[in-house]
Amino acid sequence: MGDVISSHLDEAKQEMITARTREVMGKFGRLYEQQYAVALFSKVRFDIEGGGGPQPQLLHRKIPLENKSIFSGSLFQYLEENKKWRIRFLFIPDSYNINYYDSKASHDRRLHPKGTINCAGYKVLTSMEQYLDLFSNILPGMKAKEGSSPFLKCATQFPLILWHPYARHYYFCVVTEKEQQKWHAVLQDCVRHANDGLSEENKVQTPAFTDAVRLYRQAQGHFGTWEMMCGQPTQILSNLVMEGLLPELRELISPRLKGKLHERQRNWMLISDAVYSLVQGQCQAQYDAVLQKCEATCSSLEASIRTDVDQIITSKEYVTNKIREVVLPKAEKLLKVSIQPYISSILDALMEPTSRGFSEVRDVFFGELVDMSKNTLNEGTKETVAQHMEKISMLAFHPVKMQSCYEKVEPLSLEGLQQRFDVSSPSVFVQRAQILMREQMDHAVYTFEQMLHQCLESQGTEDLSKTIQRCQDRVIKKYDYDSSTVRKRFFREALLQIFLPYMLKQLSPSCASELPRFQELIFEDFSRFILVESIFEDVVLHSIMKDIMMAVKEAAIQRRHNLYRDSIVLSNSDPSLHLLGDNPSIDWARDYSQAPGAVDAADEDTEGEGGESQKRRRMKQVVSMIQVEGSPVLPNEPYKEVPGVNDIPEEEQKDGDGEENSDGKASVDKNGSASPKALVNPSGLSNGSVLKEEEANKEQGKNKVPMKVESDTQSASAEEEKAKGGDSQLMMEEQPPSSQEVSEKVFPPPSPPEEISSGATEAAPESLPKTTSGFPLPPQEDGGFQSPTSDGAVAEDEEDDVPRSTAASRPSEVHPEGREIYVVAVQEVESKTIDQNQ
């Protein structure tokens, strides 16, 4: 790998990469310094004047995932350095970064992970066809020939691929479709969280950064939404550099790539990842320097603003009026011809799938509470309620249970309007809607928790079912109000992100020449806080915002898709409830455990042993694993041989249906899975804890007879057959079949046969796909997927419901743009409009 990178990225090309990065960061830095002062002025003005829309009715949890992790489990990962598939243990903490380890034991011993994946900018793919299509688009002119072999061979028919246009790709696979669905939902949630943009809590840095990036791209002729506006600032800036740098490098390097098609593809991926890493390091250093410079002047700038805030506001309004006289006639003409005819149709396209998604959130939440209410009728104790609330409390962060909600929004389509208004992908809006849905679900769950906890403390368990019903009705009503408010704000922001860049693109050529003369109207002391270009954009924004708000208001008046008017949302309608908003999250297991003393003692002992590190082991996991009852200890190997790039011929030669070749190596069947001769279970690689093995053996004891006992019985039966003749035949027919006999019926033993270690049971699952019959399943660990049972039955906890659709959902192609560039202006217009309506 190093030879490929060093040969194509020589010193001259590295200097070119450094020069391009310095050029982009220099332009960005100048824009950022300008926008930083403007954003600081907006923050100070907002703090003084106040503002905002209707007050939310639901409570908001401050730290939703405190002492929680999202998911952990074992699956196969492809290692490019040795072209093998290895079982990896993946742990996903509350940061949604994916940490992968050699084994669960490495994680439990608190060793450093083998690697960490930040999912910003990635897409989750579930087939090699999707992957190859995207890869061929990155390398135009390097299309695969019909019938040629793929880039790599998957160990199973259920792959999971993390694809990025610039960075390294990650290849995983699992052995069942159910595992693929669950992992796909979890990985999609990681991508969704990482792509959610910058934190809106930072009122200065976030708008300054997003405005600087947007203005830089506009200067390059790129208006409209941008898919790669995702991740942390350094990642976004690296994407900004790579957007212009990569095509130039491709023209220089791609003609020099040698070898077969898959070799050229693989080498280009390695080169692109190396360039991306180099760019990220340089962007990080230069962005830190710009940020440090701006932060150093923050105090003096804020002091100047607060001293002259009235004069700055007056001066800005005067210049705004002058610019409005020039820009507004042109803007209104453009609105009438090119915007107004499309507002209602685009709004309908946004409203229908989004409202279906929020309605599904309501139904999922309601269904969970109904199930809890039914169970409390049979056993109405606090402990029973606490057990159900432990599951419900993290409902919003359960990717599998929320998947049905997310799928409702994915059909959102703008059809032929994307090209007209320069919208990179409707998925930008899909993911934003999904994030809002998750937030509203968590607000509803948290509000219900606080209400129910208060009732349990004051009333006890009397009429517990009625208490749950009353709390449920109150929360559902508040959810309807808040979801209406959130959706209307989402519709306004989405329409603004669609239309505003289009208007700026159309108006800038005619207005740009007239703007410099307005700079003379601004006092020099105020010139850092008042920019003519920003005022021009504000004028265009307000001109279109009137039509957008009118369209959304009409939809609310007509109660379309269960939207409410803002005037019916009462402020401080439930002041007693909002007093509970400062309460911490409730630990139901601890507060309502039957033996709280034992729990506290265990916690004290654990903290005494290891403190913070031991606390990580007690972190509760939001998504539980696929638990399989009676699963035997299956053979397991750390590595599995799969044909790598060098072993795949340009024209694949088939030798039977997955049988061994003459050289003794495992061949590859039609589906791309390898079929090794036999599997050996090393003594050091168990498929689960001793306790789980004992429990599994107890459950299997009713239906299965140990191998040794069976052999003894068969020998005894043989002796009796000699003595009793025909009676022994009846006894042999009544004897239950051994697990070895069952496995031989389902999967014939490979040829030539090899011994399997004595500690491994030979029960083969019927539900196992044919393409994976020769591969070991991931270890049966507490934190990972477990293998299917021999009878194909799968059992798991109630919270492990797989999405309703049997087919794996399509990977989301979502990378939300920074929304903060419009939020302040939208809030100002909203507050004024609401006051006028009231």
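## The β2–β3 hairpin

In this predicted model, the hairpin formed by strands β2 and β3 has 4 residues between the strands, and Lys83 takes a positive phi near 55° there. Strand β2 covers residues 71-79 and strand β3 covers residues 84-92; the two pair in the antiparallel sense over 9 bridges. Within this pairing, Phe71 of β2 stands opposite Ile92 in β3.

Strand β2 also has a second partner, strand β8 (residues 170-174), with which it pairs in the antiparallel sense over 2 bridges. Here Gln77 stands opposite Phe172 in β8. Because 9 of the 9 residues of β2 are buried, this strand is largely enclosed by the rest of the structure.

## The nonpolar core

The largest nonpolar core comprises 194 residues, of which Tyr32, Phe209, Phe448 and Phe499 touch the most other members. Helix α9, spanning residues 309-378, supplies the largest share of this core, with 22 residues.

The surroundings of Phe499 can be listed in detail. Leaving aside residues up to four places away in sequence, Phe499 touches Ile339, Tyr342, Ile343, Ile346, Phe421, Ile544 and Ile548.

## Gln34 in helix α2

Gln34 belongs to helix α2, which runs over residues 11-49. Its relative accessible area is 40%; this value lies between the limits of 20% and 50%, so Gln34 is classed as partly exposed.

When residues up to four places away in sequence are not counted, Gln34 touches Arg528 and Leu531. A further spatial relation links Gln34 with Ala212: the two residues are 178 residues apart in sequence, yet their C-alpha atoms are 8.4 Å apart in space.

## Geometry of helix α8

Helix α8 comprises 47 residues, from 261 to 307. At 1.5 Å a residue, the helix should span 69 Å, and its end C-alpha atoms are 66 Å apart, so the two values agree. The expected span follows from 1.5 Å times one less than the number of residues. Helix α8 also bends by about 45° at Cys298.

## Burial of helix α11

Helix α11 (residues 399-409) is mostly covered, with 10 of its 11 residues buried. The buried residues are Pro399, Val400, Lys401, Met402, Gln403, Ser404, Cys405, Tyr406, Glu407 and Val409. An α-helix has 3.6 residues a turn, so residues three or four places apart point the same way. In α11, the buried residues include Lys401 and Glu407 as well as Val400 and Met402.

Methods. Residues numbered from 1 in each chain as written. Predicted model: local features only at pLDDT ≥ 70, side-chain atom pairs only at ≥ 80, totals over all residues. Heavy atoms only, no water. Buried < 20%, exposed > 50% of the residue type's maximum accessible area, 1.4 Å probe, protein only. Contact = heavy atoms within 4.5 Å. Core = buried A, V, L, I, M, F, W, Y, C linked by side-chain atoms within 4.5 Å. Pairing = 2+ DSSP bridges. Bend = angle between axes of the 7 residues up to and from the residue.
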